[in-house]
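Here are two short exercises to work through with the model open in your viewer. Try each one before you read its solution.

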Amino acid sequence: MKLQVEIDPGSGFCGGVVSAIEGAERQLASSGRLYSLGAIVHNEAELARLSGLGLVTATSLDDVPEGGTVLIRAHGEPPSTYAEAEARHLSVIDFTCPVVLRLQQRIRSAYGRLHAGGNCGQLLIFGNKGHAEVMGLLGQVDGDAIVLESAAMLEELIPQLDFSQPMEIFSQTTKSPSEYEAICTRLNDCGARLTVHNTICRQVASRHERLAAFSSSHDVIVFVSGRSSSNGKVLSDLCLSANPRTWRVGSVEEISPVWFRDARTVGVCGATSTPQWLLEKVADAIRNIEY
């Protein structure tokens, strides 16, 4: 008996990642060499494909030779990166996601409000410390913001927060809407003078709503994403909460036939950094499993 396999139609690259990768492919087709400042996408299989086309992942601008061209990925960068690139006479192709660009601008504006007239308001960011997008956001305000990674971290920080001052909170664009809501509710319960900004990407938010239903409608879920994908962790956990028979893989080689015993239907889905070709490859591999 062959398994019935369905790929979630809403999974795969988000618009910002699509734009960055298509831009990289165009540049590589004309020049044959391009330096991405950080991994252009948090997916090992897609990185390997792009590396074969000539894309080099640079850990810093020091890795880019004089006269080289550097790509700013969808996650965005702090202003200091652009200043350094200009000082070193590097060409820059900027593919910062428009959603992230708007978020950067809003954070700069909020910081100005919070510190106008000598005030000492607090800027909060719900996101992962060290994540490229969060580093870019912190760079907009010279690092003068509090990063909250989770509701548990907020509980630890509550004694240190000054609730007599105004606060404004933003979210990394790929975080969980429900966890963000819980953090904002907790701050309000503490009497915070809080302004909440809804900055989670709509594409990401809609995936949360849809994936829960998709996961519960199949016997087994195979979630495909890179191990370093923050969005992949959030969404795979969501699938697992809706269906305990959820497995996260990065490649076809990680699939185990024992996962599908007594199953009839399998749902294949992925992160905003998962390429469509990899979703299809995983789905085809599962279809070829027979019992």
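What follows is a pair of tasks on this predicted model, each with a worked solution.

**Exercise 1: a helix pair**

Work out how helix 1 and helix 2 are oriented to each other, and which residues make the contact.

*Solution.*

Step 1. Two packed helices are described by the angle between their axes and the distance between the axes. For helix 1 (residues 15-31) and helix 2 (residues 44-53), the angle is about 20 degrees and the axes are 10 Å apart.

Step 2. Angles under 35 degrees count as roughly parallel, so that's how helix 1 and helix 2 run relative to each other.

Step 3. Now the handedness: the crossing of helix 1 past helix 2 is left-handed.

Step 4. On the helix 1 side, Ile-21, Glu-25 and Leu-28 make the contact, and helix 2 brings in Glu-46, Arg-49, Leu-50 and Leu-53. Sort these residues by type and you get four nonpolar, three charged and no polar.

**Exercise 2: a residue before strand 1**

Find out where Lys-2 sits, how exposed it is, and what it touches.

*Solution.*

Step 1. Look in the segment before strand 1 (4-7), and there's Lys-2.

Step 2. Lys-2 has a relative accessible area of 47%. Partly exposed covers values between 20% and 50%, so Lys-2 is partly exposed.

Step 3. Go looking beyond four places away in sequence, and Lys-2 turns out to touch Arg-287, Asn-288, Ile-289 and Glu-290. Take Ile-289: Lys-2 is 287 residues from it in sequence, yet their C-alpha atoms are 6.6 Å apart.

Step 4. Finally, check Arg-287: its backbone oxygen lies 3.5 Å from a polar atom of the Lys-2 side chain.

How values were computed
Residues numbered from 1 in each chain as written. Predicted model: local features only at pLDDT ≥ 70, side-chain atom pairs only at ≥ 80, totals over all residues. Heavy atoms only, no water. Axes fitted to C-alpha atoms, helices over the stretch in contact; angles between N-to-C directions. Helix = DSSP H or I, 4+ residues; strand = E, 2+ residues; numbered from the N terminus. Parallel < 35°, antiparallel > 145°, perpendicular 65-115°, else oblique. Left-handed = near helix turned anticlockwise from the far one by under 90°. Contact = heavy atoms within 4.5 Å. Nonpolar A, V, L, I, M, F, W, Y, C, P; charged D, E, K, R; others polar. Buried < 20%, exposed > 50% of the residue type's maximum accessible area, 1.4 Å probe, protein only. Polar contact = N/O pair within 3.5 Å; in protein donor to acceptor, adjacent residues only side chain to side chain.
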